[in-house]
Every structure is written in structure tokens, then in C-alpha cells.
Amino acid sequence: DGTLYYEEEIITPVLDSEGNIVSFIAVKIDITDRKKIEEDFRESQEKYRGLSEASFEAIFFSEKGVCI
């Protein structure tokens, strides 16, 4: 459908009995979801790194009135 995605590709040569390459086996894996998770993680790290570097004592997070 024309949607762009990330893929990982592994190509392995197939050899004949004399060691000559006669063909290749290619395996492609869609890693779009993994790339999105990695990017989200990097953004989260950057966001909270600034908080921790600017803090002199401690940082508390509250969720529904409970410190976590």
C-alpha cells in the first residue's frame, strides 16, 4: 500500500560442493514496531535526564495521589 517501514535483512550465500556461490537465501524481518519502541525510549530518557540533572535533592512522581 506504499506505507514506509523498517526492515532487517539477513543474506546468506548458498554454496555448491566446490564452494562456489550458486544462490542466496534472504530473510527480511519487519522491525518497524521495534524502531518505534526504541525511539519512544530515547525520547523518555531525554525527557527525564533533564529532570534528574536539574535536581539537587530528590524527584518524586505521584500517581493518583500516591508517590511512586
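Two strands are taken to pair if DSSP finds at least two bridges between them. In this predicted model, strand β1, which spans residues 7–15, is joined to strand β2 by nine bridges, and the two strands run antiparallel. Within this pairing, Glu-8 stands opposite Ile-29 of β2. The two strands form a hairpin in which five residues lie between them, and Gly-19, located in the turn, adopts a positive phi of about 90°.

The second strand of the hairpin shows little cover from the protein chain. Of the ten residues of β2, which covers residues 21–30, the number buried is zero, so the strand lies largely in the open; the cut-off for a buried residue is a relative accessible area under 20%. A nonpolar patch on the surface is formed by Ile-10, Ile-25, Val-27 and Ile-29, which together present about 330 Å² of accessible area. The largest share of this patch, three residues, comes from β2, the strand in which Ile-25 is found. In a regular strand the side chains alternate between the two faces of the sheet.

Charged contacts also connect the two strands of the hairpin. The structure holds six salt bridges, among them one between Glu-7 and Lys-28, whose closest N and O atoms are 3.6 Å apart. This pair links distant parts of the chain, with Glu-7 in strand β1 and Lys-28 in strand β2, 21 residues apart. The side chain of Lys-28 also meets that of Glu-9 in a salt bridge, at 3.4 Å from N to O. Because Glu-9 lies in strand β1 and Lys-28 in strand β2, the latter pair ties together parts that are 19 residues apart in sequence. Glu-7, Glu-9 and Lys-28 are thus linked in a network of salt bridges. As to the accessibility of its members, Lys-28 counts as exposed at 53% relative accessibility, whereas Glu-7 is partly exposed at 33% and Glu-9 is likewise partly exposed, with a relative accessible area of 40%.

A further salt bridge involves Glu-8, the residue that stands opposite Ile-29, and Arg-34, with the closest N and O atoms 3.4 Å apart. This pair, too, links distant parts of the chain, since Arg-34 belongs to helix α1 (residues 32–54) and Glu-8 to strand β1, 26 residues apart. Both partners are partly exposed: Arg-34 has a relative accessible area of 40%, and Glu-8 has a relative accessibility of 32%.

Methods: Residues numbered from 1 in each chain as written. Predicted model: local features only at pLDDT ≥ 70, side-chain atom pairs only at ≥ 80, totals over all residues. Heavy atoms only, no water. Buried < 20%, exposed > 50% of the residue type's maximum accessible area, 1.4 Å probe, protein only. Helix = DSSP H or I, 4+ residues; strand = E, 2+ residues; numbered from the N terminus. Patch = residues over 30% accessible without salt bridge, like charges linked within 9 Å, V, L, I, M, F, W, Y side chains within 5 Å. Areas by Shrake-Rupley, 256 points an atom, 1.4 Å probe, with all protein chains shown as cover. Salt bridge = Lys/Arg side-chain N within 4 Å of Asp/Glu carboxyl O.
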